[in-house]
Amino acid sequence: QVQLVESGGGLVQAGGSLRLSCAASARTFSSYAMGWFRQAPGKEREFIASISWSGDTYYSDSVKGRFTISRDNAKNTVYLQMNSLEPEDTAVYYCAATLYGVRSSTYNYWGQGTQVTVSS
């Protein structure tokens with residue numbers, strides 16, 4: 001069982017930045033690929049970015065060049081640095097863990113989410 005706890009969400013003006021963190025309880029954190037997703041009101045959950053245990057990263061086209069995913073295996077934490085935020089980035093952001101690899105669409109564990117609101 002893996003528990004994931006996100007933090008760092010909040011209210012920011014368009015063009016601003018936020019860094020989300022996700023702390024994992026897993027003893028074998030490095031065994032998991034980690035991902036960030038988001039869900040805006042009335043929309044389906046959307047993949048944002050993922051990172052392998054060794055640091056390979058993948059991004060959705062909607063955030064490529066603006067968001068950066070990273071991880072610190074020693075701290076059991078994954079981060080999402082979000083720059084040049086837009087009102088369209090407003091959503092609840094979730095981190096997730098998967099044993100099926102960094103390109104997997106199947107995630108085993110999910111956090112509770114953190115709200116990000118970008119004002120225009």
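Are Arg38 and Asp89 buried or exposed? Arg38 is buried, and Asp89 is too. Keep in mind that this is a predicted model.

**Salt bridges**

There are 4 salt bridges in the structure. Three pairs go in the table.

| Pair | Closest N to O distance |
|---|---|
| Arg38 and Asp89 | 2.8 Å |
| Arg66 and Asp89 | 2.8 Å |
| Asp61 and Lys64 | 3.4 Å |

Let's start with Arg38 and Asp89, whose side chains meet in a salt bridge. This pair connects distant parts of the chain: Arg38 sits in strand S4 (residues 33-39), while Asp89 is in the loop between strand S8 (77-82) and S9, 51 residues apart.

Asp89 also pairs up with Arg66. That contact again links distant stretches, with Arg66 in the loop between strand S6 (57-59) and strand S7 (67-72), 23 residues apart from Asp89. Asp89 has a relative accessible area of just 1%, so it counts as buried; Arg66, at 13%, is buried as well. Through shared partners, salt bridges join Arg38, Glu46, Arg66 and Asp89 into one network.

The Asp61 and Lys64 pair has another setting: both residues are exposed.

**The disulfide**

Searching the whole structure turns up 1 disulfide. Its partners are Cys22 and Cys95, with 1.9 Å from S to S, and the link is right-handed, with 40° about the S-S bond. Cys22 belongs to strand S3 (residues 18-24) and Cys95 to strand S9 (residues 91-98), so the bond ties together parts 73 residues apart in sequence. As for exposure, Cys22 is buried at 0% relative accessible area, and Cys95 is buried at 0% too.

Conventions
Residues numbered from 1 in each chain as written. Predicted model: local features only at pLDDT ≥ 70, side-chain atom pairs only at ≥ 80, totals over all residues. Heavy atoms only, no water. Disulfide = S-S within 2.5 Å. Helix = DSSP H or I, 4+ residues; strand = E, 2+ residues; numbered from the N terminus. Buried < 20%, exposed > 50% of the residue type's maximum accessible area, 1.4 Å probe, protein only.
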